[in-house]
Amino acid sequence: MMMTERNGPARVPVEIRDFADHLHLGTGFEDDGAQDAMLEMYLRAATSAVEERIGKALITRGLRLILTNWREGGQGVPVAPVVALEEVRVVDAAGNARTVPNVTLRVDAHRPVLLGSVSVPEGGQVEVDFTAGYGPDPADVPPDLRHAVMLLAASYYENRSGGQDHWPFGVLALLDAHRPVRL
């Protein structure tokens with residue numbers, strides 16, 4: 001299984017100015033935006049780490065899941081929330097693709113499932129194009145997840161010389177409610 005972004009998120013789940021205010025940067029001076037690229041880099045790194053830890057896409061974007069086999073009875077999607085299933089294709093070993101029409105999405109807050117029967121040819125694969133995320137704007141992301149991203153980005157900023165090998169407790173506490181439960 002492999003998942004790739006078809007189009008990455010255009011935004012981060014925290015506004016750069018809000019993050020700069022959280023860090024108390026440049027208060028009382030004219031804002032020339034000189035640090036914006038660096039602050040955005042920390043926010044993107046924190047967003048990626050949070051998304052990986054909880055298995056959720058925060059800002060809406062297109063993703064492609066590539067599978068070499070299909071689980072009958074329901075193929076799990078490793079990221080949530082899935083808001084749209086665009087297309088499911090079977091690609092044979094020669095690269096010929098055909099659309100599979102009868103696959104549907106069972107929505108779930110933690111582990112959405114694709115339902116339907118798909119036959120994968122020898123040496124072929126299944127490509128699933130879908131859209132996942134809470135929404136296109138930071139305001140669409142749950143406030144506790146936005147705050148977790150900001151706290152983790154601030155930790156990255158404060159410890160930019162290295163030396164920190166753990167997650168801040170406050171970030172972990174905010175993420176606990178969003179982690180999938182495994183039984």
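**Exercise 1. Classify the exposure of Asp 36 and characterise its ion pair.**

Step 1. Asp 36 has a relative accessibility of 24% and is therefore partly exposed, a class that lies between buried (under 20% relative accessible area) and exposed (over 50%), computed with a 1.4 Å probe and protein chains only. The model is predicted: local features need pLDDT of at least 70, side-chain atom pairs count only at pLDDT 80 or more, and totals for chains, interfaces and linings use all residues. Residues are numbered from 1 along each chain as its sequence is written, and side-chain values use heavy atoms, with hydrogens and water left out.

Step 2. The side chain of Asp 36 forms a salt bridge with that of Arg 17 at 2.5 Å, N to O. The term requires a side-chain nitrogen of Lys or Arg within 4 Å of a carboxyl oxygen of Asp or Glu.

Step 3. This pair links distant parts of the chain, with Asp 36 in helix H2 (residues 36–54) and Arg 17 in helix H1 (residues 16–22), 19 residues apart. Helices (H or I, at least four residues) and strands (E, at least two) are DSSP runs numbered from the N terminus.

Step 4. Arg 17 is likewise classed as partly exposed, because its relative accessibility is 34%.

**Exercise 2. Determine where the salt bridge of Arg 61 and Glu 51 lies, and whether its partners are buried or exposed.**

Step 1. The N to O distance between the two side chains is 2.6 Å.

Step 2. Arg 61 belongs to strand E2 (residues 61–67) and Glu 51 to helix H2, ten residues apart.

Step 3. Both Arg 61 and Glu 51 are buried.

**Exercise 3. Place the Asp 129 and Arg 89 pair in its network.**

Step 1. A salt bridge of 3.0 Å, N to O, joins Asp 129 and Arg 89.

Step 2. Asp 129 is in strand E8 and Arg 89 in strand E4 (residues 82–91), 40 residues apart.

Step 3. Both Asp 129 and Arg 89 are buried.

Step 4. Through shared partners, salt bridges unite Arg 6, Arg 64, Glu 86, Glu 87, Arg 89, Glu 127 and Asp 129 in one network. The count of salt bridges comes to twelve.

**Exercise 4. Describe the surroundings of Ala 132.**

Step 1. Ala 132 is in strand E8 (residues 125–132).

Step 2. With a relative accessible area of 0%, Ala 132 is buried.

Step 3. Leaving aside neighbours within four places in sequence, Ala 132 has contacts (heavy atoms within 4.5 Å) with residues including Ala 57, Arg 61, Val 79 and Val 83.

Step 4. Leu 58 is 74 residues from Ala 132 in sequence and 8.2 Å away in space, C-alpha to C-alpha.
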